[in-house]
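Let's walk through this model together, one part at a time. Keep the 3D view open and turn it as you read.

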Amino acid sequence: MTRTRRLAAALAIVAAVALAGSGCTVIPVTGPLTVQETGSGDPLSKPFQRMIAIPPRPTWGPDETIRGLQAAMAAYADDPSILAKYLTPEARAAWNPSGPVAVIEDEYEIVPSTPRDDAAQAQTFTLKGRWVAKIEEDDSYTPTAGVSPRTFQLVKAEGGGYRVSGLEDGLLLTNADVTRAYRATNLYYLTGKTQDRLVVDRVRLRLKPTQTYAQTILERLLKSPSHALKGAVTTSFPPGTKIESIRSDERVVINLSGPLSLSAEDTLSAQIRYSLNKNEIAKGRVIEIQVDGEPYTVDRPSADDHWLDDTSDTAYYVSKGAVHYMGQDGPAGAVPGAAGEQRTGYSGFAVSRDGALIAARTSTGISVAGLTQEGRWQEVIQGTRLTPPTWHRDGSLWTYDSQNGVLLRYDPITGRGPDRVAAPKLSGLDVTKLRIARDGVRVAVMTGENTVHIGALTGGSAGTMLGAFQVLTTTEVGNKITSVAWEDDEHVLVLAEGKAGQTLNEINVGDGEVVGVPLKDPLESVTALGGRVLAEAMTDQGAKIEELDQDRQTWTVKIESDAGSPLFPLG
Amino acid sequence: MITSTLVISVIVVVVLGMFLSEQIDRSVVESSQSSSFSEAFADRLQIADALAPETDDQSKPADSGKKGSGNPLDEVMDIVTGSGENGSKKRYDVLILNQSVPGQSRASGSVVPQDVPPNLQRNVQKTADGRSVGFVVKIRFIGESQPRLTFVVGGMVHVPATGQDYEVYHFFPFTEEEELLSTVRLAIVVVGLGLVLLLAAIAYLVARQVVTPVRLARQAAERLAAGKLDERLKVRGEDDLARLANSFNEMAANLALKIHQLEELSQVQRQFVSDVSHELRTPLTTVRMAADLLYDAREDFDPMASRSAELMQAQLERFESMLADLLEISRYDAGAATLDLDSVDVRDVVLRAIGDSEALAERHSTRFELRLPNEPCMAEIDNRRVERILRNLLFNAIEHGEGRDVVVTVGADRDAVAVAVRDHGIGLKAGEETMVFDRFWRADPSRARTIGGTGLGLAISREDATLHGGWLQAWGQPGEGSQFRLTLPRAAGSDLKGSPLSLVPPEIEMRRTWRTAMTPVLLPASADGTGHDED
């Protein structure tokens, strides 16, 4: 009896404990709960929507058929079968989808080229739309302008409707199609010689439903850069490298295969990390790179940004011919040495990367002075028609001699006279400005008064050459570009002046994307580094230094009077 | 008990587990489906709202089939699928199909129109605006190797201004629900298994608590039956088993008490007989002396008195021998009988006993037939007692032999010697083989005792044989006479394993075997100690 009682008592206690423990609630009040956050970074993919093409319908007229064909072109990369249904067998055999993709504005109209004749076998229609851009086969996106009509021959199909019997090669997309299915993507390659800095290459990549965006990016990264940077940059992926898989659990695991060099760990992981993170992929996540399934390197997110930004961020300005330091909120005193003394005749100042040397243009040439107490102006390049000097990140000083039509390069370390650098594309052009970007690869060249080109320094140490030119921006005739400054690796600030007033545009050198910056006072010159934009404003009270606020809407006066020509090292 | 508990608990657990699992399945799936339906409905409302041409803030023509900048379909798809600038990945994919106008179909993720179940599409095309149809199907999406369980919700969005119909399909992955439910099911199975094991363990414990006391009680009862009257059960607790133990112990105590009382009574009776016998001896001696005198002087009496003296003399002799027997038997009862062992030849003892019996045999005109072995049959025996046994057997045989021959056989083997005395008298009835050894037993109470037997002879003989560690057994059949067999161990104290002679006379045995060769029957006579009498 006692045993039974003991058993019953034990059961009662267990039940009581269970009830008390659960508190008779379904979800007990609890906390704190902690969770490992390493796995909760950006996903490898971003959601996107796609065009779904539908086959031509018997009830459609020519207009709908051509619009349906255009929609099928937008969906061609996902599903090529629908487009074929719009074409006659002959056209299907003849048509070639490769080549540059033409991008037109969303609104376009279709007009019959020939007078409408229902009896005719084939009719020709023209699609009229404004060109927006073209996407080359190397994925580079080039804005274009103007109207370029496309013609389509249509024949009546059996059972009603129309089929396209003749069309031009290549895909024709609307801007909305591109926005929908393409993503502007920054790829990162290495500077040619030193391989210690990344150079951005902006391309438009088509999203694939079966692939993560990360995989699309990396697969493109394995290929060569777009033509704008061809020969100017290198990559740490040897030819034959392949992506086996990309997994995302706690960390992002990228499995590569191919003849990867063991010493390229840093550059390779930097290329991968920046190419992903700068496109909002896998931000703040640990990236593990494997080769054939074996661990290769593990890259942890860090704030160290030396792959992109390794320039001194000291700002300078010129007051009465003397170069001054500029602090966060105002003047911070003159620089030491001769450059800090008030004198006339020096203009177009440029500070080297580490802030040790300053160069300026005089009436007889280019002079360089050290920013030390002992620093004296010393003329290093002679010439009367030289562009303002610009520093390369490797420490050399560059200018263009318009008189002789040569690009000159002076190296203060060797101290030898200036070398000539080949720039065949510049010959015969009126080069008025030359600015080397802080990545040491891209070069902004202004010709005449209203055109800015972007080129790249190609070739190794032996045969450096300035090439791969393309027009970045041009203004209407009569307007004048007054200032060109590199903001960062991919953006150039262009200050233009016209009859309508001044404009300041931030232009992406990769795809020509333009963002206007509102102006308050008329500006003389601009300079920028990273996110900071400084400008010399002319007001009634004289020259001032103003800084653009972080919200990119308003300007704040930093130095009230007698201050002009703000400048940052390089750029 | 454990097995039945196990079976019942397995059935209960399986039924309960299936019920529970089904309940959870249903509630999870239903809640997912209803939330999916409402999400899909909200999206469709948004799509319908976006596609309807706005009259106040958009000056777009009603002909929205032409794509304008900021196509409303693209914008609403961006919102619905989260593919806009700041959109976050939605858990589902959306497919918008407009079969009649080019460029008005969109999809997110890797969904293609072929993924829509045809059944669903037919249903959607039939249903009116504002109603949803859902299907749970397995779909293998493009670029995936395994089909995924997906809940597809379809609905129609009708834009009255343009007269266009948009089929809107939402693809909700149900893999998480599937995983959750399989986890729950696994948990239910594990818990059920644990429950069954627990119940089995409890049943085992309970059974052990009940069975163990019962087993102890059985063992105690067996020991009690074997004569260990001190056996008692341990009483623990106050339950029914404890009461059973109490009752058992009381019963055992009462039993022991009764047996003790009976033993005491028997002891008193024996003591009484012994005392009476002793007390009778002294007056008897006196009476005997007086009777001897009278008997010696009977010649001088008249014939009547002379005859009386003779009768008195004879009855006194009988009385004396009866008293002697009574004393002898009370010595056995008192456990005071001892053996005076001597190694003797049993044949001599037999011959002596026959010699003592010859006078009586002659009176009954009975002859002895002796079957003695040639070798001496040596055994450690009490000469006097064995002779008395044999004498008793011979007297019995003569008395009941009706004048026919009495056969005396002596047999010996390595361990034992045996003497069989066979008469051919009226024999024994069935069941009398053991009764003959009872005190004062008489086959026919009406029959006179011609030789003046006291009725204690065979009882004393039996006690004598037992004292030697031997057997005294009887066989008899009506009309076939009877045979008594005495078997004694050669060495005193050793156990007997068998007898050199058969209890049934050989001629009877042979006749019976011959007669019943085809139908063997049980031996009619098997006295106590049967099983030891095979040769």
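Among contacts in chain A between residues at least 6 apart in sequence, what percentage join residues at least 24 apart? For chain A of this predicted model, the figure is 54%. The chain has seven helices and 40 strands, and buried residues make up 41% of its 571 residues.

With that many strands to choose from, let's follow a few of them. Start with strand E33 (residues 491-498) of chain A, which runs antiparallel to strand E34 (residues 501-508) of chain A and is joined to it by eight bridges. The link from E33(A) to E34(A) is a hairpin through two residues. If you would like a landmark for this pairing, find Val492(A), whose bridge partner in E34(A) is Ile507(A).

E34(A) also pairs with strand E35 (residues 514-517) of chain A, again in the antiparallel sense, over four bridges. Here Asn505(A) stands opposite Gly516(A) in E35(A). E34(A) and E35(A) form a hairpin too, with five residues between them. In that turn, look for Gly512(A), which has a positive phi of about 70 degrees.

Now move along to an open sheet of four strands in chain A, in the order E36-E37-E38-E39, with antiparallel pairing. Its edge strands are strand E36 (523-529) and strand E39 (555-559) of chain A, each of which pairs on one side only. On average, neighbouring strands of this sheet are turned by 30 degrees against each other, direction ignored. At the E39(A) edge, four bridges join it to strand E38 (residues 542-548) of chain A, and the two run antiparallel. Leu548(A) has Trp555(A) as its bridge partner in E39(A).

The loop between E38 and E39 of chain A holds Arg552(A), and the backbone there deserves a look. Most residues other than glycine have a negative phi. Arg552(A), however, has a positive phi near 60 degrees. Is this residue buried or partly exposed? Arg552(A) counts as partly exposed because it has 13 C-beta neighbours inside 10 Å.

Another residue of this kind is Glu280(A), which is not a glycine and yet has a positive phi of about 65 degrees. You will find Glu280(A) in the loop between helix H7 (265-277) and strand E15 (287-291) of chain A. With 12 C-beta neighbours inside 10 Å, Glu280(A) counts as exposed.

Next, turn to where the two chains meet. How many residues of chain B are in contact with chain A? There are 33 of them, and they touch 25 residues of chain A. On the chain B side, the elements that give two or more residues are helix H2 (72-81), strand E1 (93-97) and strand E2 (106-108) of chain B. H2(B) provides the largest share of that side, four residues. For the complex, the predictor gives an ipTM of 0.79 and a pTM of 0.68.

Staying with chain B, look for helix H5 (residues 240-296), which has 57 residues. How does its span fit that number of residues? At 1.5 Å a residue, helix H5 of chain B should span 84 Å, and its end C-alpha atoms are 81 Å apart, which agrees. There is still a bend to find: H5(B) turns by about 30 degrees at Arg281(B), and a proline, Pro283(B), follows within four residues.

Does H5(B) lie largely in the open or buried? Of its 57 residues, the number buried is four, so H5(B) lies largely in the open. The buried residues in H5(B) are Leu241(B), Ala245(B), Ala252(B) and Ser277(B). They pack against helix H4 (175-225) and helix H6 (303-334) of chain B.

Finally, a word on confidence. Chain B has a mean pLDDT of 84, and 90% of its residues reach 70 or more. Over residues 56-69 of chain B, though, pLDDT stays under 50, and the model has 18 contacts beyond four places in sequence for them. The same limit applies to residues 522-535 of chain B, where pLDDT stays under 50 and the model has 26 such contacts. Where pLDDT is low, the predicted coordinates should not be read in detail.

Methods:
Residues numbered from 1 in each chain as written. Chains lettered and ligands numbered in written order. Predicted model: local features only at pLDDT ≥ 70, side-chain atom pairs only at ≥ 80, totals over all residues. Expected span 1.5 Å × (residues − 1). Bend = angle between axes of the 7 residues up to and from the residue. Buried ≥ 20, exposed ≤ 12 C-beta atoms within 10 Å, placed from the backbone. Contact = placed C-beta atoms within 7 Å. pLDDT = per-residue confidence, 0-100. Pairing = 2+ DSSP bridges. Axes fitted to C-alpha atoms, helices over the stretch in contact; angles between N-to-C directions.
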